[in-house]
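The following exercises are to be worked with the sequence and the three-dimensional structure at hand. Each task is followed by a solution in steps.

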Amino acid sequence: MLLAQAPSALKNGKFINDNKRLMLYGGASKDQNFLIENMELKPEQFHYGLGREAFPALIAPRFESIEEADKHWKPKDRFLVAYSGKEVKAYAIKDLTRHEVVNDVLNGEPIFAAYCILADLGAIYTRTYGDKVFTFAVSGYTYYDPEIWNGLDGFILWDRETESLWWPLIDKAVSGRLKNMPLLKLEQKKWEDTNWQSIKNRFPYAEVLISNQDFERPIDWPQYKLVDDLLKIYID
């Protein structure tokens, strides 16, 4: 995608001064806006601004068997697959392009699968920091930096529990109470970027994400007010 063709969030009024607080538009109601007073990113390099619930970033994904899923996929279709113990989860890149984020649990460990088509970035991350589990979604924004990933646009995430913003292209939170907290990829030995034929051959008992899911967005959710202990653990 040419950056000149992507709509500028700044020019389209997505940055808002609310009682002298700098906010980023997050949706139809004011309480969905993101507080970005400590943000390190440059407003002129933000694109879009669709709202933080525009994409169905799943929080309770449903799965089907290899046999059922084989009706829908071709051998070379691309997937992210995660495995731990006797459990295997498979996420089609086609489906991740629609959801961008799928919050899940793998063998008891909270994880999320993510894929950004603009940067062609797909990975599996952990959602656990210390004694807290986070829930991730897409903010509705993308961001680019000419010095990072050859200037490719990459999506901006947010977490529901602190409403911090995260940029996966640099693997950390860029605003909010968790600013500078690293995004933590799942151990590489537990996931890979592969194709449908490989999954069928190697993981016949895999659970495969069902396509075209949606859900009713939650109205509210628990908030973590105190995160200083986590910052001490994860930030040097």
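Helices and strands are DSSP runs, numbered from the N terminus; a helix has at least four residues and a strand at least two. The model examined here is predicted.

**Exercise 1. Determine where Asn 180 lies and whether Asn 180 is buried, partly exposed or exposed.**

Step 1. The flanking elements are β16 (172-175) and β17 (191-195), and Asn 180 is found in the loop between them.

Step 2. Buried means under 20% relative accessible area and exposed means over 50%, with partly exposed in between.

Step 3. The relative accessible area of Asn 180 is 33%, so Asn 180 is partly exposed.

Step 4. The backbone of Asn 180 has a phi near 80°, which is a positive value in a residue other than glycine.

**Exercise 2. Describe the position, backbone and accessibility of Glu 100, and state which pocket Glu 100 helps to line.**

Step 1. Glu 100 lies in the loop between α2 (93-99) and β8 (101-106).

Step 2. Phi of Glu 100 is positive, near 65°, although the residue is not glycine.

Step 3. The relative accessibility of Glu 100 is 10%, and therefore Glu 100 counts as buried.

Step 4. The second largest pocket is lined by 12 residues, and Glu 100 is among those nearest its centre, together with Tyr 48, Phe 55, Leu 118 and Thr 142.

Step 5. This second largest pocket has a volume of about 160 Å³. Strand β13 (residues 136-143) gives the largest share of its lining, 4 residues. By class, the lining has 9 nonpolar, 2 polar and 1 charged residues.

**Exercise 3. Give the volume of the largest pocket and the residues and classes that make up its lining.**

Step 1. The volume of the largest pocket is about 190 Å³.

Step 2. Its lining consists of Asn 33, Phe 34, Leu 35, Glu 37, Asn 38, Thr 162, Glu 163, Ser 164, Gly 176, Arg 177 and Gln 223.

Step 3. Divided by class, these lining residues are 2 nonpolar, 6 polar and 3 charged.

**Exercise 4. Establish which polar contacts the side chains of Asp 153 and Gln 213 make, and whether each residue is buried or exposed.**

Step 1. Asp 153 is located in the loop between β13 and β14 (154-159). Because its relative accessibility is 4%, Asp 153 counts as buried.

Step 2. The side chain of Asp 153 forms a polar contact of 2.8 Å with the side chain of Thr 142. The backbone nitrogen of Tyr 144 is reached by the side chain of Asp 153 at 3.4 Å.

Step 3. Leu 169 is 16 residues from Asp 153 in sequence, and their C-alpha atoms are 8.8 Å apart in space.

Step 4. Gln 213 has its place in the loop between β18 (207-209) and α4 (228-234). With 2% relative accessibility, Gln 213 counts as buried.

Step 5. The side chain of Gln 213 reaches the backbone oxygen of Arg 62 at 2.8 Å. A polar atom of the Gln 213 side chain also lies 2.8 Å from the backbone oxygen of Ile 210.

**Exercise 5. Trace the pairing from β1 through β2 to β3.**

Step 1. Strand β1 (residues 15-18) runs antiparallel to strand β2 (residues 21-24), and 4 bridges join them. In this pair, Asn 17 stands opposite Leu 22 in β2.

Step 2. The hairpin of β1 and β2 has 2 residues between the strands, and Asn 19 in this hairpin takes a positive phi near 50°.

Step 3. β2 pairs in the antiparallel sense with strand β3 (residues 34-35) over 2 bridges. The bridge partner of Leu 24 in β3 is Phe 34. Phe 34 is also one of the residues that line the largest pocket.

**Exercise 6. Set out the strand order and the edge strands of the open sheets of 3 and 5 strands.**

Step 1. The open sheet of 3 strands has the order β8-β9-β10, with antiparallel pairing. Its edge strands, β8 and β10 (121-126), each pair on one side only. From one strand to the next, the twist averages 20°.

Step 2. Within this sheet, strand β9 (residues 109-116) pairs with β10 over 6 bridges. Ala 113 stands opposite Ile 124 in β10.

Step 3. The open sheet of 5 strands has the order β5-β18-β7-β6-β17, and its pairing is mixed. The edge strands are β5 (63-64) and β17, each of which pairs on one side only.

Step 4. Strand β6 (residues 78-84) pairs with β17 in the antiparallel sense over 5 bridges. Opposite Leu 80 stands Asp 193 in β17.

Terms used:
Residues are numbered from 1 along each chain as its sequence is written. This is a predicted model: local features need pLDDT of at least 70, side-chain atom pairs count only at pLDDT 80 or more; totals for chains, interfaces and linings use all residues. Side-chain values use heavy atoms; hydrogens and water are left out. Buried means under 20% relative accessible area, exposed over 50%, partly exposed in between (1.4 Å probe, protein chains only). On a 1 Å grid over the protein atoms alone, a cavity is a set of points where a 1.4 Å probe fits but cannot get out, and a pocket is an open set with protein on both sides within 12 Å along at least five of seven lines; lining residues have an atom within 4 Å of a point. Grid points are joined across faces, edges and corners, and a volume is the space filled by probe spheres set on the points. Ala, Val, Leu, Ile, Met, Phe, Trp, Tyr, Cys and Pro count as nonpolar, Asp, Glu, Lys and Arg as charged, and the others, Gly among them, as polar. Two strands pair if DSSP finds at least two bridges between them. Axes are lines fitted to C-alpha atoms, for helices over the stretch in contact, and angles run from 0 to 180 degrees between N-to-C directions. A polar contact is a pair of N or O atoms within 3.5 Å; within protein, one must be able to donate a hydrogen and the other to accept it, and residues adjacent in sequence count only if both atoms are side-chain atoms.
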